[in-house]
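Here is a walk through one protein model, from helix packing to the ligand site. Keep the structure open as you read.

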Amino acid sequence: MPKQKLLTAEPLVPRQAGLPTLREAAATCKACDLWRLGTRIVFGEGSERARVMMVGEQPGDKEDVQGRPFVGPAGGVLDKALGAAGIDRNDVYVTNIVKHFKWKPRGKRRIHKKPNAIEITACRPWLEAEIRVVQPEVVVLLGATAAQGIMGRNFRLTQHRREWLQSRIASFVMATVHPSSILRAPDDASRHEEMRKFIEDLKFVAAQLQRRKAA
Ligand code: SF4
């Protein structure tokens, strides 16, 4: 009898496992078809005791090559904004809602292609497992794909940016733009403005971390 196709990665997620075991298990995941496209899985990275978890959409070209999240240009923007907001990078765990790179060819380049609802649903158990282990005080959803993947398809980032959102994944959940959107700004002036707003969003997170530390 042919094997039934997995609709989510849930049956593959080891129970009560730490990050190294989860990472090892995820490396063989074939719960959706994206494993065929990506070179390798790009699992989250950071301390099990990180206070903040940043959740992006999916790894990009550089992340796929290196097997590490947020090491490309968008990661550079994120690091710069975290520094400007006063958030210690050691307090941050970075990951994506989808863990394989989805792309389409354009000439010799691999161009990002947005993951669909089936792929997001399939991959979400890996993110939930990361959240269970790390138990971050704050989860920051970077971009509409990650935000809708957690908050539902009707969630509108433009209406609920920089707000504390009700979610079972953590006590404090906030959505903001994906740093790659700042890189796509049409000119220098709008890029600076977008960066300024992104840093303000992260300062909102930093203030929450400070309050919790003081409590
Ligand atoms: S994208 Fe996620 S669910 Fe799909 S194969 Fe990769 S790890 Fe598994």
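L19, L22, A25 and A26 in α1 meet a set of α4 residues: W126, A129, E130, V133 and V134. The model is a predicted one. Helix α1 covers residues 19-26, and its axis comes within 10 Å of the axis of α4. The two axes cross at roughly 170°. Angles over 145 degrees count as roughly antiparallel, so α1 is roughly antiparallel to α4. What kinds of residues make up this contact of α1 with α4? Eight are nonpolar, one is charged and none is polar.

Now follow α4 to its other partner here. Helix α4 spans residues 117-134, and helix α5 spans residues 144-151. They pack at about 80°, with axes 11 Å apart. The range for roughly perpendicular is 65 to 115 degrees, which means that α4 runs roughly perpendicular to α5. On the α4 side, I120, R124 and L127 make the contact. On the α5 side, the residues are T145, G149 and I150. This contact of α4 with α5 divides into three nonpolar residues, two polar and one charged.

Next comes the ligand. Where does the ligand sit? The ligand occupies the largest cavity. The residues around the ligand include C29, A31, C32, L34, W35 and I41. V98 and H100 also surround the ligand, as do A122, C123 and W126. W126 is also one of the α4 residues that meet α1. How does the shell around the ligand divide by residue type? Ten of its residues are nonpolar and one is polar. No charged residue belongs to the shell.

Note on methods. Residues are numbered from 1 along each chain as its sequence is written. This is a predicted model: local features need pLDDT of at least 70, side-chain atom pairs count only at pLDDT 80 or more; totals for chains, interfaces and linings use all residues. Side-chain values use heavy atoms; hydrogens and water are left out. A residue is near a molecule or strand if one of its heavy atoms lies within 4 Å of it. On a 1 Å grid over the protein atoms alone, a cavity is a set of points where a 1.4 Å probe fits but cannot get out, and a pocket is an open set with protein on both sides within 12 Å along at least five of seven lines; lining residues have an atom within 4 Å of a point. A molecule sits in a cavity or pocket if more than half of its atoms lie within 2 Å of its grid points. Ala, Val, Leu, Ile, Met, Phe, Trp, Tyr, Cys and Pro count as nonpolar, Asp, Glu, Lys and Arg as charged, and the others, Gly among them, as polar. Axes are lines fitted to C-alpha atoms, for helices over the stretch in contact, and angles run from 0 to 180 degrees between N-to-C directions. Helices (H or I, at least four residues) and strands (E, at least two) are DSSP runs, numbered from the N terminus. Angles under 35 degrees count as roughly parallel, over 145 as roughly antiparallel, 65 to 115 as roughly perpendicular and the rest as oblique. Contact means heavy atoms within 4.5 Å.
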